[in-house]
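These are my notebook entries from a session of looking things up in one structure. Have the sequence and the model open beside you as you read along.

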Amino acid sequence: MMKKITLLPAIAALLLAGCVQVDDYAKVVKAPAPQWLAGYWQSAGPQSKMVSPEAIASLVVTKDGDTLDCRQWQRVIAVPGKLMQRGDSLYNVTQKRDVYSVELDGETLDYAGMTLKRVAQPTVECQAAMAKYEQFSVVQPN
């Protein structure tokens with residue numbers, strides 16, 4: 001029994017290798033957005049990671065690397081964040097210290113287990129959430 005217990009921390013460390021964790025949001029170095037990423041992204045149809053097939057996920061990305069993760073169904077939850085780069089990988093780190101990988105797959109964005117497509121404007125509800133934060137007053141897609 002003792003051997004099994006001492007192996008647990010080593011097994012857990014191996015399972016977590018490669019995972020990105022943020023302990024202090026303020027210490028995350030913001031990376032500028034690549035040209036292909038800046039702008040507005042929105043869920044493309046029902047997403048299994050969302051609470052309902054009617055829920056909508058939006059991601060706003062500024063050229064400077066500020067982000068707004070905006071999800072809506074019966075209410076709007078908008079969480080600011082910033083892009084972080086680790087090696088060749090990009091992540092969105094929210095103020096709540098959630099970390100989501102950001103990858104372009106053809107014309108869609110793989111984000112937080114969802115598929116997002118580029119849109120001209122976010123939803124009216126997410127635009128209202130953007131208005132609460134100065135860094136999103138002018139977002140120009142590339």
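**Entry 1: disulfide**

I took a disulfide to be a pair of cysteine sulfur atoms within 2.5 Å. By that rule I counted one disulfide. Before going on, I noted that this is a predicted model, where local features need pLDDT of at least 70 and side-chain atom pairs count only at pLDDT 80 or more, while totals for chains, interfaces and linings use all residues. Residues are numbered from 1 along each chain as its sequence is written, and side-chain values use heavy atoms, with hydrogens and water left out.

Which cysteines form the disulfide? They are Cys70 and Cys126, with their sulfur atoms 1.9 Å apart. I found Cys70 in strand E3 and Cys126 in helix H2 (residues 124-130), so the pair ties together parts that are 56 residues apart in sequence. For helices and strands I used DSSP runs numbered from the N terminus (helices are H or I with at least four residues, strands are E with at least two). The torsion about the S-S bond is about -95 degrees, so I wrote this disulfide down as left-handed. As a reminder to myself, a disulfide is a covalent bond between the sulfur atoms of two cysteines.

Are these cysteines buried or exposed? Cys70 is buried at 0% relative accessible area, and Cys126 is buried at 0% too. My scale calls a residue buried under 20% relative accessible area, exposed over 50% and partly exposed in between (1.4 Å probe, protein chains only).

**Entry 2: around Cys70**

I then listed contacts, meaning heavy atoms within 4.5 Å. Leaving aside neighbours within four places in sequence, Cys70 is in contact with Ile56, Ala57, Ser58, Val76, Ile77, Ala78 and Cys126. The C-alpha atoms of Cys70 and Ile56 are separated by 8.3 Å, and these residues are 14 apart along the chain.

Ser58 caught my eye next, in strand E2 (residues 56-61). Ser58 has 2% relative accessibility and counts as buried. Not counting residues up to four places away in sequence, Ser58 touches Trp41, Gln42, Leu68, Asp69, Cys70 and Cys126.

**Entry 3: strands E3, E4 and E5**

I called two strands paired if DSSP finds at least two bridges between them. Strand E3 (residues 66-72) runs antiparallel to strand E4 (residues 76-86), and seven bridges join them. Asp66 has Lys82 in E4 as its bridge partner. How many residues lie between E3 and E4 in their hairpin? I found three.

On the other side of my list, E4 pairs with strand E5 (residues 89-94) in the antiparallel sense, over six bridges. Gln85 has Leu90 in E5 as its bridge partner. E4 and E5 also form a hairpin, with two residues between them, and Gly87 in the turn has a positive phi of about 65 degrees.

**Entry 4: salt bridges**

My cut-off for a salt bridge was a side-chain nitrogen of Lys or Arg within 4 Å of a carboxyl oxygen of Asp or Glu. The structure holds two of them. One joins Lys30 and Asp66 at 3.2 Å, N to O. Lys30 lies in the loop between helix H1 (2-16) and strand E1 (39-43) and Asp66 in strand E3, so this pair ties together parts that are 36 residues apart in sequence. Lys30 is partly exposed at 37% relative accessibility, whereas Asp66 is buried at 12%.

Arg71 forms a salt bridge with Asp69, with the closest N and O atoms 2.8 Å apart. Asp69 counts as buried, at 5% relative accessibility.

**Entry 5: rings**

I also looked for charges over rings, which asks for NZ of Lys or CZ of Arg within 6 Å of the ring centre and within 35 degrees of the ring normal. Arg71 turned up again, lying over the face of Tyr100 at 5.3 Å from the ring centre. Lys82 has its charged end over the ring of Tyr25, 4.4 Å from the centre.

For aromatic pairs, I let rings of Phe, Tyr and Trp (its six-membered ring) pair if their centres lie within 6.5 Å; planes under 30 degrees apart are stacked, over 60 edge-to-face and the rest tilted. The search of the whole structure finds two such pairs. One of them is Tyr133 with Phe136, edge-to-face at 6.2 Å centre to centre and 90 degrees between the planes. Tyr133 is partly exposed at 26% relative accessible area, while Phe136 is buried at 3%.
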